[in-house]
Amino acid sequence: RRGRRGQEGPFMPKRALLFCALLAACAALLCACSSQGAGSAPQSGAPKAESPQPLALLHDADETAEKIAYTEDGRYYFGERHDQSFGNNLLYMDYKTRQSVVVCEKPDCLHNDETCSAFFPKDTGPTSSCVINDNLYILFSGSQTEVPCLIRMDLNGRNRTRVCDFPSDFSFSSPLATDGASLYTLIKHAEIGEKSEVHTTSKLISISLEDGSTAVLHEWDCDAHLWGAENQFLYIMVPQHSDGFSFDFEVQQIDAGGALSGTQPYQGIAPFYRVANNTIYWYDQDKTALYSRSLNSGQAEVLAEVALPEKASASVPCVLQPYLFLEVFVPGDVGGKYYYKVYDMEQKAFHEVRLYLFETETDNKLIRVSDLIGDSFLVKNREQATTVTGITSDGQVVAFDSFELTDAFISIDDFLNSRPNYEEVKMPQLA
């Protein structure tokens with residue numbers, strides 16, 4: 001059973017410096033990607049984009065979440081190299097072997113320059129990726145030195161092709177949807193006014209998977225959000241009003257040609273919500289209840305009553321069917337503590353979960369849940385520190401500690417019973 005992705009992206013490392021790894025790591029360069037039997041990227045041909053299929057959202061609706069590509073058996077994502085190549089490697093995590101490999105079949109490849117199909121310079125910018133019709137597509141947002149572009153390749157990294165370039169003001173921060181022949185996403189433009197106020201406009205665009213040609217389908221004079229896709233419609237959230245404690249918005253149904261076919265108003269929704277599987281979930285602090293509502297429905301459903309400690313607050317950071325994660329914060333005299341209340345929507349039962357990245361007398365940090373894979377959750381179970389050297393813009397060499405979160409599997413039973421029995425994903429050394 002595969003769940004929908006549901007984890008935020010703030011835990012991705014962000015560095016403003018040019019990174020260089022310690023030279024002691026170079027002995028690990030032969031940890032190549034093509035070890036047979038230990039895990040490898042899928043094999044594929046290169047079929048053309050097929051005729052339109054029902055629309056489907058390819059990523060988490062949260063714009064801060066990772067926008068990575070998935071297959072039934074694994075996922076593609078980028079790993080930062082810890083050397084002077086100033087690049088990233090495309091990796092594939094095999095769910096069966098629980099191992100990540102570099103997506104390159106070149107013998108004895110060091111994966112540290114553009115002769116490797118899995119190497120991408122960092123100045124290509126942030127990425128959004130997806131698997132459609134047996135091809136891997138990667139959208140790069142570009143940088144000051146590189147324009148945004150669309151890359152297509154086979155699932156094993158072969159036949160890497162630059163499909164097209166985009167205007168320099170394109171930035172792919174929204175999730176992607178597809179009908180099998182085109183990609184759909186929102187492009188946003190922000191302007192700062194005389195009083196430092198920010199005004200954002202949004203455009204819904206389509207991108208042909210065959211040649212990268214684009215078309216503007218619909219425009220909004222606000223910061224709209226792509227929240228879902230189902231059958232022939234895209235669901236766009238258009239904000240109306242917020243007082244800081246709740247907000248009003250409407251969800252517009254837009255077809256693949258850009259026409260507005262319907263609108264659903266939402267009022268008084270708690271700000272700490274989650275959108276998954278074309279449904280919005282939220283916790284109402286005043287009514288002490290969990291709610292859900294389909295994006296094409298006018299009726300909210302009470303999922304469960306939730307009793308919390310006095311002065312506690314809660315939000316919904318993750319939904320992986322049938323599990324809804326309620327993150328509870330209980331303030332203390334100094335700081336406060338977090339824990340999960342996980343609601344099984346099938347069994348109608350709550351599980352209190354206390355599994356942490358770290359815990360002190362005054363605070364803690366919960367492990368982060370990324371996905372539901374079969375009978376296990378994929379989580380970020382610990383922070384791994386690495387000493388990194390870098391070069392500033394004026395040529396100064398500095399050293400600092402960098403923290404990356406480690407991927408691991410944990411069985412559903414262990415997780416719901418707060419047993420920290422993790423199996424960490426084996427990683428290639430990118431140095």
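Begin the tour of this predicted model by selecting Lys311, which is found in the loop between strand 23 (301-305) and strand 24. Its backbone deserves a look, since the phi of Lys311 is near 70°, a positive value in a residue other than glycine. With a relative accessible area of 69%, Lys311 is exposed, the cut-off for that label being over 50%.

Move next to Pro322, in the loop between strand 24 (313-320) and strand 25 (323-331). Display the backbone here and check the peptide bond that runs from Gln321 to Pro322, which is cis, with omega near 5°.

Another positive phi can be inspected at Asn277, where the angle is about 55° although the residue is not a glycine. Asn277 belongs to the loop between strand 20 and strand 21 (279-284), and its relative accessible area of 30% makes it partly exposed.

From there, select Tyr273 in strand 20 (residues 273-276) together with Trp227 in strand 16 (residues 225-231), a pair that links distant parts of the chain, 46 residues apart. Tyr273 is partly exposed at 24% relative accessibility, whereas Trp227, at 4%, counts as buried. Extend the selection to Phe247, Phe249 and Tyr266, which form one aromatic cluster with Trp227 and Tyr273. While Tyr266 is on display, add Arg293, which lies over the face of that ring at 3.5 Å from the ring centre.

A further arrangement of a charge and a ring can be brought up by selecting Arg354 and Tyr339: the charged end of Arg354 sits over the ring of Tyr339, 4.3 Å from its centre.

For the last stop, turn to the aromatic pairs, of which a search of the whole structure finds 22. Among them is the pair of Tyr95 and Phe409, whose ring centres are 6.4 Å apart and whose planes stand at 80°, so the pair is edge-to-face. Tyr95 lies in the loop between strand 5 (87-94) and strand 6 (99-102), while Phe409 lies in strand 32 (residues 397-411), so this contact ties together parts that are 314 residues apart in sequence. Which label, buried or exposed, applies to Tyr95 at 7% relative accessibility? Tyr95 counts as buried, because that label covers values under 20%, and Phe409, at 1%, counts as buried too.

Technical notes: Residues are numbered from 1 along each chain as its sequence is written. This is a predicted model: local features need pLDDT of at least 70, side-chain atom pairs count only at pLDDT 80 or more; totals for chains, interfaces and linings use all residues. Side-chain values use heavy atoms; hydrogens and water are left out. Rings of Phe, Tyr and Trp (its six-membered ring) pair if their centres lie within 6.5 Å; planes under 30 degrees apart count as stacked, over 60 as edge-to-face and the rest as tilted. Helices (H or I, at least four residues) and strands (E, at least two) are DSSP runs, numbered from the N terminus. Buried means under 20% relative accessible area, exposed over 50%, partly exposed in between (1.4 Å probe, protein chains only). A charge sits over a ring if NZ of Lys or CZ of Arg is within 6 Å of the ring centre and within 35 degrees of the ring normal.
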